[in-house]
Amino acid sequence: MEGFFEKYKEKIEERSSVDSQGHRIWQGCSQEGTIGYGIIKAKFSDAEWHTMHVHKLLYLVHHNILSLEPGLEVSHLCHVPLCVAVEHLSLEPNNINAHRQKCFNRGKCSGHGPYRDCLLM
């Protein structure tokens with residue numbers, strides 16, 4: 001599986017670039033609609049192609065894992081849907097991810113217990 005992790009790390013890096021605020025912005029395909037997360041197809045060990053959010057795949061390959069426990073999500077600390085900077089991502093429960101929207105709307109992070117604070121730039 002080591003080849004899988006390296007392949008997708010390289011692919012994501014090649015299809016993204018760092019902007020002036022330190023976000024690594026995905027330049028590939030993105031999801032239609034208002035949120036606009038980056039999407040990518042990846043072929044896992046089950047030999048099936050899976051379409052998924054790029055930031056989630058990056059989190060998986062960066063940490064050398066193939067799946068997340070149920071109820072956990074990969075959140076953007078920076079609130080930029082196309083950002084794939086691994087340091088801007090956090091693994092956390094759905095309710096924490098949802099609470100981050102309130103921080104974004106206020107323009108100020110109110111804290112998230114044991115999870116990292118939002119990166120509001």
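**View 1. Of the 121 residues of the chain, 34% count as buried, that is, under 20% relative accessible area with a 1.4 Å probe and protein chains only as cover.** This is a predicted model, in which local features need pLDDT of at least 70, side-chain atom pairs count only at pLDDT 80 or more, and totals for chains, interfaces and linings use all residues. Residues are numbered from 1 along each chain as its sequence is written, and side-chain values use heavy atoms, without hydrogens and water. About 7,200 Å² of the chain is exposed (Shrake-Rupley method, 1.4 Å probe), and carbon and sulfur atoms supply 50% of that area.

**View 2. Here is the order of elements: α-β-β-β-β-α-β-β-α from the N terminus on.** The chain holds three helices and six strands, taken as DSSP runs (helices H or I, at least four residues; strands E, at least two) and numbered from the N terminus. The C-alpha trace spans about 45 × 30 × 25 Å along its principal axes.

**View 3. Now meet the hairpin of β3 and β4.** Strand β3 (residues 39–43) pairs with strand β4 (residues 49–53) in the antiparallel sense, over five bridges; pairing requires at least two DSSP bridges between two strands. K41 has T51 in β4 as its bridge partner. Five residues lie between the strands, and A47 in this hairpin takes a positive phi near 70°.

**View 4. Charged side chains: 13 are positive and 14 negative.** Lys and Arg count as positive and Asp and Glu as negative, while His and the chain ends are not counted. The centres of the two sets lie 5 Å apart, with each charge placed at NZ of Lys, CZ of Arg, CG of Asp or CD of Glu.

Definitions and conventions
Buried means under 20% relative accessible area, exposed over 50%, partly exposed in between (1.4 Å probe, protein chains only).
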